[in-house]
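User: Hello! I am new to this structure and would like to walk through it with you. Could you show it to me?

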Amino acid sequence: MQAKTAVTTKKRTSTTTMKIEAFAKVNFTLEVLGVRDDGYHALRSLVVPISLCDTLEITEAETLESDTGYADDLCLKAARVLSPDRGASIRVIKRIPAGGGLGGGSADAAATLVALNGIWGLGKSRDELVRLAAQVGSDVPALVHGGAVLMEGRGEKVSPFMPEGVAFPRLHMVLCNPGVASSTKEVYAKCNSRVTDDASILYNMRTALASGSLERISAAMMNDLQEPAVSLHPEIGGALELLRKSGVIGAAMSGSGSTVFGLVQSEAHGRETAAFLNLHGFAAWYAQTVP
């Protein structure tokens, strides 16, 4: 389970407090394959967790409360899906930009499911938590599962992307957010679904990852939502253009935007590039993939 390595627990009298990191994600590929009978879009995406993270401190309590301040609080929704009658106090230190296509709210919800499963002593397996996560949000199952996963359907189907025994490579990247809120609903409404299933997209990404070539990996990155998002928000196109000019190896948008990302050779290169983007008025971060 992705969040497992970041968990610490401590006893305070009769209550338990757990501190847990909630990792953001980027979509290395994102295909929109059509509209399902339930009205949701059918997706296929390589979802990869990255080191940019929120930190949650969750304490067993009599009532259920969260300090996120969001009207649609996915942490509270996750807790209620897991066990509707139990209480907890959820405190979130936010670092992942909201509405940026990095799955911040979903990451917090996934961490909440993992933490409360332990705090409440429910003993649910990872597969059980993944199934429950599908009731919370489309990105939550992938982030509960952990690691690089192939996400399908509306997000409820997740499976390891790498062959058994093979780790996803540690890749360095720069994230760049142009400071606009990209509406997921509007972006999907403007997106034309694929007419045919292009099996070469995943094949190209798998072979690129196997080669270890950053150029090949970058060339295999794609996102069907990028074009409609840029048409709605030209600032995203500007961020992509500046990111490419900064010297990254390829660039793509994550999720439905507005954050874009590009691969770099090293941490030093990534931090220098992020500083360059900051000077040009963009919020930017160095990150790496989480093994």
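User: How many bridges join S2 to S3?

Analyst: Happy to start there, with a note that this is a predicted model, where local features need pLDDT of at least 70, side-chain atom pairs count only at pLDDT 80 or more, and totals for chains, interfaces and linings use all residues. Residues are numbered from 1 along each chain as its sequence is written, and side-chain values use heavy atoms, leaving out hydrogens and water. Strands are DSSP runs (E, at least two residues; helices are H or I, at least four), numbered from the N terminus, and two strands pair if DSSP finds at least two bridges between them. S2 and S3 run antiparallel, and the number of bridges joining them is 16.

User: Which residue in S3 is the bridge partner of Val32, and which residue of the hairpin takes a positive phi?

Analyst: Val32 has its bridge partner in S3, namely Leu43. The hairpin of S2 and S3 has five residues between the strands. The residue there with a positive phi, near 95°, is Gly39.

User: Is strand S3 largely enclosed or open?

Analyst: We can judge this by burial: buried means under 20% relative accessible area, exposed over 50%, and partly exposed in between, with a 1.4 Å probe and protein chains only. Strand S3 covers residues 41-61, and 17 of its 21 residues are buried. Therefore the rest of the structure leaves S3 largely enclosed.

User: Which residue stands opposite Leu56 in S5?

Analyst: S3 is joined to strand S5 (residues 87-93) by seven bridges, and the two run antiparallel. S3 also runs antiparallel to strand S6 (residues 149-153), with five bridges, and there Val47 has Val149 as its bridge partner. In S5, the residue opposite Leu56 is Val92.

User: What is the strand order in the open sheet of four strands?

Analyst: The pairing in this sheet is antiparallel. Strand S10 (249-253) and strand S12 (283-288) each have a single partner strand, so they stand at the edges with one side lacking a neighbour in the sheet. From one strand to the next, the twist averages 25° (axes are lines fitted to C-alpha atoms, for helices over the stretch in contact, and angles run from 0 to 180 degrees between N-to-C directions). The order is S10-S11-S8-S12.

User: Which helix packs on the sheet?

Analyst: Look for a helix touching S8, S11 and S12, where contact means heavy atoms within 4.5 Å. Its direction makes about 170° with that of S12. It spans residues 267-279 and is helix H10.

User: Which residues form one aromatic cluster?

Analyst: Rings of Phe, Tyr and Trp (its six-membered ring) pair if their centres lie within 6.5 Å; planes under 30 degrees apart count as stacked, over 60 as edge-to-face and the rest as tilted. Phe28 and Phe168 are edge-to-face, at 5.8 Å centre to centre and 85° between the planes, while Phe28 and Phe261 are tilted, at 5.7 Å and 45°. That second pair links S2 with strand S11 (residues 260-264), 233 residues apart. The cluster consists of Phe28, Phe168 and Phe261.

User: Why does Phe168 count as buried?

Analyst: Phe28 counts as buried because its relative accessibility is 0%, and Phe261 is buried with a relative accessible area of 0%. Phe168 also counts as buried, because its relative accessibility is 11%.

User: Over which ring does the charged end of Arg154 sit?

Analyst: A charge sits over a ring if NZ of Lys or CZ of Arg is within 6 Å of the ring centre and within 35 degrees of the ring normal. Arg206 does this over the ring of Phe161, 4.0 Å from its centre. For Arg154, the distance to the ring centre is 3.7 Å, and the ring belongs to Tyr40.
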